[in-house]
Amino acid sequence: MPRLPQLGHLSAPARGRVVRTIVCMKWGTKYGPEYVNRLYAMVRRHLRGDFEFVCLTDRTEGIRGEVKCFPIPELTLPNGEPERGWKKLTTFSPVLVNEYGLSGTALFLDLDVVIVDDITPFFEVPGDFLIIHDWKRPWRVTGNSSVYRWVLGAHQDVLTEFVADQAKAKAQFRNEQAFLSAVLHRQGKLQYWDAAWCASYKYHCIPAWPTSYWRDPFVPRGARILIFHGVMNPPDALAGRSNGNWRHARPARWIADHWRE
């Protein structure tokens with residue numbers, strides 16, 4: 001059973017301030033507690049002021065005490081089907097507000113992101129719902145859900161629509177971020193982050209072929225968060241493992257300066 005929630009960093013509600021909450025999600029065994037702990041540490045270094053840090057998870061072992069852990073709200077998915085991130089839609093569950101007592105503005109971060117600069121502006125830019133504009137096919141409305149912001153308790157209709165007809169949603173959309181983007185775009189609420197803020201490690205940090213064989217990966221100008229999507233994660237980038245990625249990459253030893261506690 002998940003442990004009782006822990007007190008987050010300088011709990012904002014108790015001090016009468018605007019609540020800012022970082023939300024991450026960990027299920028299964030793909031990512032260990034060190035991913036949560038390092039993510040918390042990166043946020044602490046790069047977010048000015050008070051915040052709460054929440055992890056929705058089925059395993060709390062080894063997670064540092066500053067992190068509030070709650071069970072992932074229930075979402076029944078058919079056995080044998082690819083998960084494809086559909087559990088992320090539970091961030092819009094009323095359980096977060098009604099049972100866990102969360103409120104205010106939330107910023108969701110994937111466990112495997114690397115924060116390299118100030119993320120305070122992610123809470124300051126106006127908008128109802130903000131997400132990364134997916135890089136691979138920029139002519140589409142699809143966002144990348146590694147980083148998105150919303151008001152806790154809002155957009156419950158996204159989860160309701162998915163639950164009402166999972167088969168239809170999965171037939172039309174490959175994963176949760178495509179579905180989420182389409183629903184909010186239809187409602188006129190979809191907005192994108194500044195294109196420089198969230199950089200793809202795969203597309204933006206690895207030098208162009210063939211220079212990637214003698215040039216090291218780098219942090220793009222203006223980047224605040226590096227996104228690891230596909231087969232490479234921070235430990236792979238640090239060691240220079242491609243894991244079958246489409247482009248050779250040298251070790252990015254500077255990852256260790258950021259991805260740490």
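# Two sheets and a pocket in a predicted model

Visitor: What makes the seven strands an open sheet, and in which order do they lie?
Guide: The seven strands follow the order β3-β2-β1-β4-β7-β6-β8, with mixed pairing, and the sheet they form is open. Its edge strands, β3 (68–70) and β8 (190–192), each pair on one side only. From one strand to the next, the twist averages 30°, where axes are lines fitted to C-alpha atoms, for helices over the stretch in contact, and angles run from 0 to 180 degrees between N-to-C directions.
This is a predicted model, in which local features need pLDDT of at least 70 and side-chain atom pairs count only at pLDDT 80 or more, while totals for chains, interfaces and linings use all residues. Residues are numbered from 1 along each chain as its sequence is written, and side-chain values use heavy atoms, with hydrogens and water left out.

Visitor: How do you know that β1 and β2 are paired, and in which sense?
Guide: Two strands pair if DSSP finds at least two bridges between them; β1 and β2 (residues 52–57) have six bridges, in the parallel sense, so by that rule they are paired. One bridge links K26 to its partner T57 in β2.

Visitor: What makes up the other open sheet, the one with three strands?
Guide: Its order is β5-β10-β9, again with mixed pairing, and the edge strands β5 (114–115) and β9 (198–200) each pair on one side only. Three bridges join β9 to β10 (residues 225–227), and these two strands run parallel; S200 has I227 as its bridge partner in β10.

Visitor: How many helices and strands does the chain have?
Guide: There are eight helices and ten strands, where helices (H or I, at least four residues) and strands (E, at least two) are DSSP runs numbered from the N terminus. One of the helices, α5, lies across β6 (129–133), β7 and β8, at about 50° to β7, contact here meaning heavy atoms within 4.5 Å.

Visitor: Why does the chain agree with a compact globule?
Guide: The rule for a globule is 2.2 Å times the number of residues to the power 0.38, with the radius of gyration taken over C-alpha atoms. For 261 residues this gives a value near 18 Å, and the chain has 18 Å, which agrees.

Visitor: Why is the largest space called a pocket, and what is its volume?
Guide: On a 1 Å grid over the protein atoms alone, a cavity is a set of points where a 1.4 Å probe fits but cannot get out, whereas a pocket is an open set with protein on both sides within 12 Å along at least five of seven lines, and lining residues have an atom within 4 Å of a point. The largest pocket has a volume of about 1200 Å³, a volume being the space filled by probe spheres set on the points, which are joined across faces, edges and corners. Of its 35 lining residues, R84, R174, N175, Q177 and H229 are the closest to the centre, and α5 gives the most to the lining, with four residues.

Visitor: What makes the peptide bond between W209 and P210 stand apart?
Guide: Most peptide bonds are trans. The bond joining W209 and P210 is cis, with omega about 5°, and P210 sits in the loop between α6 and β10.
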